[in-house]
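Please work through the exercises below with the sequence and the model side by side. Try each task before reading its solution.

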Amino acid sequence: MTFFDCGEGSQRSIIRAGLGFNKDCNIFITHMHGDHVVGLLGILQTMAMNRREKPVGVFGPKKIIDFIRASQEALNFGLTFDVLAREAKPGLIYDETTSKYRVFAEKSEHSAQSFAYLFEEKEKPGRFHPERALKLGIPEGPLWSKLQHGEEVLSPTSGKKIKPAQVLEKSREGRRVGVSGDTRPTKLLESFFKGCDVLIFDSTYSDEHKQNALENLHSTSREAATVAKRARVRQLILTHFSARYRSVSHLVRQAREVFPATIAAKDFLVYEVVDRS
C-alpha cells in the first residue's frame, strides 16, 4: 500500500475501503499542515493494535521525524513495528529492489515546506505468449515463470537455450501518477509531472476566488488544468476543494475549458490507470 498524506480519520477510511493494516506500506506526507498529517498517528496506532510486525516507511518534510517522535512521547504509545521515517528531498527518494515502483519528490510552493510526489511503476515484462513457449518445448510451470522474469531456460525436449525474447513482447513502460499536495502552479511542477498518466492536483479555488489562491498559496481548478495541459498528462483529477463550495461542478467545468480530461476527486473514488501498451 502507498498513501499520500493522512488527514484526520484516515484509519477509518482504510477500514471502510477494506485495505487492511498488515500489507507492505509506505506513507508520503506533502507538508506539515494538520489536514494532511494528523491522521498518521491513528494509522500507526491502529496498525499496532492489529499486531503489525512489518516496518512502515514514512517520508516527508524534515519535521515529520520530530512529529512522530514527539507524538509517541506525549501520548505514551508504543508500536509493534519499526517506523522508518526519512526526510524527503528533491529527486529519487524510494526505490527498493523488491518493490515494483519508485517514488520521486520535488519542491512545491506553499506556506510551509512542501513536496510533490511522482509515483512511477517500474518497467514490466512484455506480454507472454504461451503458445510460443509450448512450440519451443517449454511446458507450463516454473520455466514459464523464469522466462517471464527475463531468465534464459533450457528446453526439456530439445536441450536448446530459450531466450525470453522468443516468448515475450517488448517490455512495457510503467504507469506514472503525480500528486501535487498544496501548491501554487509552477514551471518546476510542469516539468516534474511531464507525461504522467494521472495527475492529482490542488484545486482549492474557482476562478472567482483566484485572489485567495494567490494569498494562500493554493491553485484554482483552471490553473491545475493549465499545469496538466503543459505537462501533457493523460488524466487530471482535481482535489483539495475549499469548504465554501457545496458543489465542485463549476470547478470541473472551468478546468475542462483548458484540459477536457478532468474529473473531481471524491471519497472512495476508484480510478483505473490503464496499462501502457
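The exercises that follow concern a predicted model, and they go from a sheet to the nonpolar cores.

**Exercise 1.** Find the order of the strands in the seven-stranded open sheet, and decide which of them stand at its edges.

*Solution.* Begin by following the sheet from strand to strand, which gives the order β5-β6-β7-β10-β11-β12-β13, with mixed pairing. Next, look at the two ends of that order: β5 (91-94) and β13 (262-264) each have a single partner strand, so one side of each is left without a neighbour in the sheet. Finally, consider the twist, for neighbouring strands are turned by 25 degrees against each other on average, when direction is ignored.

**Exercise 2.** Determine in which sense β7 and β10 pair, and name the bridge partner of Leu 118 in β10.

*Solution.* The pairing of β7 with β10, which covers residues 176-179, is antiparallel and extends over four bridges. Within β10, the residue bridged to Leu 118 is Gly 178.

**Exercise 3.** Locate the largest nonpolar core and find which element supplies its largest share.

*Solution.* This core has 19 residues, and those with the most contacts inside it are Phe 193, Leu 199, Phe 201, Val 233 and Leu 236. Elements that each supply at least two of its residues include β7 (115-121), β11 (198-202) and α9 (221-231), and the largest share, five residues, comes from α9. Taking Phe 193 as an example, and leaving aside neighbours within four places in sequence, its contacts include Tyr 117, Gly 178, Leu 199 and Val 233. A second, separate core of 18 residues includes Phe 3, Leu 44, Ile 68 and Phe 81.

How values were computed. Residues are numbered from 1 along each chain as its sequence is written. This is a predicted model: local features need pLDDT of at least 70, side-chain atom pairs count only at pLDDT 80 or more; totals for chains, interfaces and linings use all residues. Side-chain values use heavy atoms; hydrogens and water are left out. A nonpolar core is a set of buried Ala, Val, Leu, Ile, Met, Phe, Trp, Tyr and Cys residues joined through side-chain atoms within 4.5 Å. Buried means under 20% relative accessible area, exposed over 50%, partly exposed in between (1.4 Å probe, protein chains only). Contact means heavy atoms within 4.5 Å. Two strands pair if DSSP finds at least two bridges between them. Axes are lines fitted to C-alpha atoms, for helices over the stretch in contact, and angles run from 0 to 180 degrees between N-to-C directions.
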